[in-house]
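Take a look at the sequence and the fold below. The report after them walks through the main parts, with each term explained as it comes up.

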Amino acid sequence: MPLWLVFVLCLGLIVFLRKWPLLRLGCRLPGPWAFPLLGNAQMVGKLKPEFIFLVFTELRERFGSTYRLWLGPQLWVFLHTAEETRQALHDPTLRKAETFLQLEPLIGNGLLISHGAHWTRQRRLLTPAFQPQILRRFAHPVAMHADRLIARLKDLQGASIEVTDHLFSCLLDAIVDTSMGRQLDTQLMTEHSPIIRAFHLSSELLFKRMINPLLASDWIFQRTKLWRRLRVQLEIIHQLMETVIEERARELQDAEQNKSDKSRTLLDTLLLARFNDGSSLSRQEIRDEINTFVFAGVDTTTAAMSFVLYGLAKHQEIQDKLLNEIKEEQANDLDALNELPYLDAVIKEILRLYTIVPTTGRQTTCSTIIGGQRYCAGITLWINMYGLAHDAIYYAEPYDFKPERWLASGSSPPPPFSYIPFSGGPHVCIGRRYSLLLMKLLTVRIVQTFRLKLRPEDEAKDLILQAQMVLKSRNGIHVAFVERSSL
Ligand code: HEM
């Protein structure tokens, strides 16, 4: 036998033996028939975003609550029960799924995808910046951006609009203002702002890569048109963020500013951080965290707010009930807003019905047991937050919009980890309180000023939901804002 053949056979045997635990598990777990080498990649690659939920649900019905897909040599396992989810989200040996690491060109090694000691250090550093007493200071700046949104909506004189762009602009301005102390003022621009376009486009292009198994390799991706388009948008974002960081760093050199803890933004926390060994964060690390906050915060809160407006416009009786509760409220008084049970229930129910981040993924790094099943290293575990929130085992009439289910007088609370719109465990969303504050402030101001209505052609229809980077409506969300004073 020629030497090269012996070498190839030995190499093949080594790869086979190393992959054996994965192959054995993949063969044992139920799942659809997989092509040799390709696995189910063809099926996943062809999946349209609006069919993802249908396919997951169908697979679950056919194969039970834990099933597998093969993406070439990669094994994906889908977990569907609240208990498996709890165990996976608390397992310290798991790290974020490799698919998410493809966000690196935009958010570097930011909190959303970092792990290990780096993640622990960053999370510890940033957590205090999201405490309620700090968030309370944001009420006035957020109210100013909300007022600008209200003024723009008034100008429409009751005409119906697609709400996403208006909300995105308001929330981007508010989040950049409160976290970096910088006024972007995109709401005041008459033209579409280049930074909004850059965030929209890069998120869209990154998602296109994430769902295409053929683009998983950096080497291949960096030779595509997609990458060239993405690079242009990333340059716009990185340049702006670098300018903001440098300007703020110069301002902080003012000794007075340095001492005052009161006016500190999240960016200041990053710029002023000093660790035990005397080191500070590099500019690149600061930029990564700032981009993470904008990326993780704006799109998600925009999507959540657009579903709030849709839900209220579609269910006039719920809108009336909410108006009754908030009529007399001062929209800037955060403590008062947190005492409004119906507002709280409406937002909770929207985040359940429209699970903004429908799934999240974790990668096994060594052998571990979840839900009684042993998983070897190298497996991607998908947690189906949308599936949990729509499981009839946990929620009666799961596809109905029923804020009452969250009130004390409603049904008994669902089991832990069946409702995790902000995920759970140590990686729970760091911005959850902040986004709830933004949503409550905006909802109260909007509902106090306008009656929300759907277009007549949308009244009898349901939204067609798409699982993109965040949950979206395929045809957008169209709402008319009719001033209450004109009714
Ligand atoms: C309705 C709005 C939001 C939703 C539904 C949401 C949802 C989530 C979810 C599900 C995760 C966990 C992902 C995982 O476990 O893989 C997460 C993580 C994260 N979110 Fe949010 N989020 C929202 C708003 C925000 C805001 C406003 C910010 C910041 C300003 C933010 C910053 C982050 C960060 C930095 C992480 C990573 C945390 C870590 O791994 O330590 N999010 N979010």
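## Ground rules

Two terms come first: helices (H or I, at least four residues) and strands (E, at least two) are DSSP runs, numbered from the N terminus. Axes are lines fitted to C-alpha atoms, for helices over the stretch in contact, and angles run from 0 to 180 degrees between N-to-C directions. Being in contact means that the C-beta atoms of two residues, placed from the backbone, lie within 7 Å.

This is a predicted model, where local features need pLDDT of at least 70 and side-chain atom pairs count only at pLDDT 80 or more, while totals for chains, interfaces and linings use all residues. Residue numbers start from 1 along each chain as its sequence is written.

## The five-stranded sheet

Let's start with helix H1 (residues 3–28), which lies across E1, strand E2 (74–79) and strand E8 (379–384). H1 runs at about 45° to E2. Those strands belong to an open sheet of 5 strands in the order E1-E2-E8-E5-E3, with mixed pairing. Strands pair here if DSSP finds at least two bridges between them. Strand E1 (67–71) and strand E3 (94–96) stand at the edges with a single partner strand each, so one side of each has no neighbour in the sheet. From one strand to the next, the twist averages 30°.

At one edge, E1 and E2 run antiparallel and are joined by 5 bridges. Tyr 67 has Phe 78 in E2 as its bridge partner. The two strands form a hairpin with 2 residues between them, and Gly 72 in the turn has a positive phi of about 60°. E1 is mostly covered, as 4 of its 5 residues are buried. Buried means that 20 or more other C-beta atoms lie within 10 Å of a residue's own; exposed means 12 or fewer, and partly exposed is in between, with C-beta atoms placed from the backbone.

At the other edge, 3 bridges join E3 to strand E5 (residues 359–364), and these two run antiparallel. Arg 95 stands opposite Gln 363 in E5.

## The three-stranded sheet

Another open sheet has 3 strands in the order E4-E12-E9, with antiparallel pairing. Its edge strands, strand E4 (160–162) and strand E9 (450–454), each pair on one side only. Neighbouring strands here are turned by 35° against each other on average, direction ignored.

E4 is joined to strand E12 (residues 478–483) by 3 bridges. One pair to look for is Ile 161 with Val 479, its bridge partner in E12.

## Helix H18 and the core

What does helix H18 pack against? Its buried residues pack against helix H15 (283–314), helix H16 (316–326), helix H17 (334–337), helix H19 (385–389) and helix H20 (432–449). Among those buried residues are Leu 343, Ile 347, Glu 349, Ile 350 and Arg 352. H18 (residues 341–353) has 13 residues and reaches 18 Å from its first C-alpha to its last, close to the 18 Å expected at 1.5 Å a residue. That expected span is 1.5 Å times one less than the number of residues.

A nonpolar core is a set of buried Ala, Val, Leu, Ile, Met, Phe, Trp, Tyr and Cys residues joined through C-beta atoms within 7 Å. The largest one has 115 residues, and those touching the most other members include Leu 171, Val 308, Ile 350 and Val 479. H15 supplies the largest share of this core, 16 residues. Leaving aside residues up to four places away in sequence, Val 308 touches Ile 347, Ile 350, Met 439 and Thr 443.

## Around the ligand

Which residues come nearest to the ligand? Of the 24 around it, Gly 297, Thr 300, Ser 423, Cys 429 and Gly 431 do. A residue counts as near if its C-beta atom, placed from the backbone, lies within 6 Å. H15 and H20 are the elements that give two or more residues to this shell, and H15 gives the most, with 7 residues.

Ser 423 is found in the loop between H19 and H20, and has a positive phi of about 65° although it is not a glycine. Ser 423 is partly exposed, with 17 other C-beta atoms within 10 Å. Phe 417 lies in the loop between H19 and H20 too, and has a positive phi of about 70° without being a glycine. Phe 417 is buried, because 23 other C-beta atoms lie within 10 Å.
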